[in-house]
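The following exercises ask the reader to work through one protein chain step by step. Each task is followed by its solution.

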Amino acid sequence: MKDFKPALNWIESQKQTMIDLVARWSNMNTHTFNVKGLTEMVNDLEQYLAIFKENIQEIALPAFEWVNPEGKIERAELAPLLMVSKRAHLPRQALFLIHMDTVYPMHDDFQQTILTDSKTLTGPGVADAGG
């Protein structure tokens, strides 16, 4: 059986780095229609994902449209999608999808990340992928 202790020790050594990263991302307001906040997140993710030294591209998305209660069509601009590919030339591929938006508008009270105890971090998106 393979010894995973060195890998687990390394992960444990990264605890504060991971907490700081999740807190930084969670403290960015990334509401679905906050293009400025989502663009900030895209820029941060691009820098963070650059360690993979592969293809990272922003893909523009069309505006989101919906019908409001008065029956009128409304539109909201969306931030770009971020696509990262690694070893795309290989025959076996895997697809991982994640979202980076949250449901909390810019003026919502739930905006800040809080370390409530040594094992609990609360904030927008810390329990799922959005941050």
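A residue is called buried under 20% relative accessible area, exposed over 50%, and partly exposed in between (1.4 Å probe, protein chains only). The model is predicted: local features need pLDDT of at least 70, side-chain atom pairs count only at pLDDT 80 or more, and totals for chains, interfaces and linings use all residues. Residues are numbered from 1 along each chain as its sequence is written, and side-chain values use heavy atoms, with hydrogens and water left out.

**Exercise 1. Overall form**

Task: Describe the secondary structure of the chain and state how its radius of gyration compares with the globule rule.

Solution. Step one is to list the elements, where helices (H or I, at least four residues) and strands (E, at least two) are DSSP runs numbered from the N terminus. The chain has three helices and six strands, and their order along the sequence is α-α-α-β-β-β-β-β-β. Step two is the radius of gyration, which is taken over C-alpha atoms; the globule rule is 2.2 Å times the number of residues to the power 0.38. The radius of gyration is 18 Å, well over the 14 Å that the rule gives for 131 residues, so the chain is more spread out than a compact globule. The C-alpha trace spans about 65 × 45 × 25 Å along its principal axes.

Step three concerns surface and contacts. Of the 131 residues, 24% count as buried. The chain exposes about 10,100 Å², and carbon and sulfur atoms supply 60% of this area; such areas come from the Shrake-Rupley method with a 1.4 Å probe, and for residues only the protein chains shown count as cover. Contact means heavy atoms within 4.5 Å. Among contacts in the chain with a separation of 6 or more, 53% come from residues 24 or more positions apart.

**Exercise 2. Salt bridges**

Task: Identify the salt bridges and state which residues share a network.

Solution. Side chains of opposite charge can pair when their charged atoms come close. The criterion here is a side-chain nitrogen of Lys or Arg within 4 Å of a carboxyl oxygen of Asp or Glu. By this rule the count is three salt bridges.

The pair Asp44 and Arg24 has its closest N and O atoms 3.0 Å apart. Asp44 lies in helix α3 and Arg24 in helix α2, so this salt bridge ties together parts that are 20 residues apart in sequence. Asp44 is buried at a relative accessible area of 14%, whereas Arg24 is partly exposed at 42%.

The next pair is Glu65 with Arg75, where the closest N and O atoms are 3.2 Å apart. Glu65 is in strand β2 (residues 64–67) and Arg75 in strand β3 (residues 73–76), so placed ten residues apart that the pair links distant parts of the chain. Glu65 is partly exposed at 46% relative accessibility, and Arg75 is exposed at 54%.

Arg75 also meets the side chain of Glu77 in a salt bridge, at 3.8 Å from N to O. Glu77 has a relative accessible area of 48% and is therefore partly exposed. Through shared partners, the salt bridges join Glu65, Arg75 and Glu77 into one network.

**Exercise 3. A strand residue**

Task: Locate Glu74 and list what it touches.

Solution. Glu74 lies in strand β3. Its relative accessible area is 32%, so Glu74 is partly exposed. Not counting residues up to four places away in sequence, Glu74 touches Phe64, Glu65, Trp66 and Asn68. Glu74 and Gln14 are 60 residues apart in sequence and 45 Å apart in space, C-alpha to C-alpha.

**Exercise 4. Loop residues**

Task: Decide whether His31 and Gln111 are buried or exposed, and state what is notable about the phi of Arg87.

Solution. His31 belongs to the loop between α2 (15–26) and α3 (35–49). With a relative accessible area of 17%, His31 is buried. Leaving aside neighbours within four places in sequence, its contacts include Leu38, Asp101 and Tyr104.

Gln111 is placed in the loop between β4 and β5. At 14% relative accessible area, Gln111 is buried. Beyond four places in sequence, its contacts include Ser26, Asn27, Tyr104 and Pro124.

Arg87 lies in the loop between β4 (81–85) and β5 (114–117). Most residues other than glycine have a negative phi. The phi of Arg87 is near 50 degrees, a positive value in a residue other than glycine. Arg87 is partly exposed, at 49% relative accessibility.
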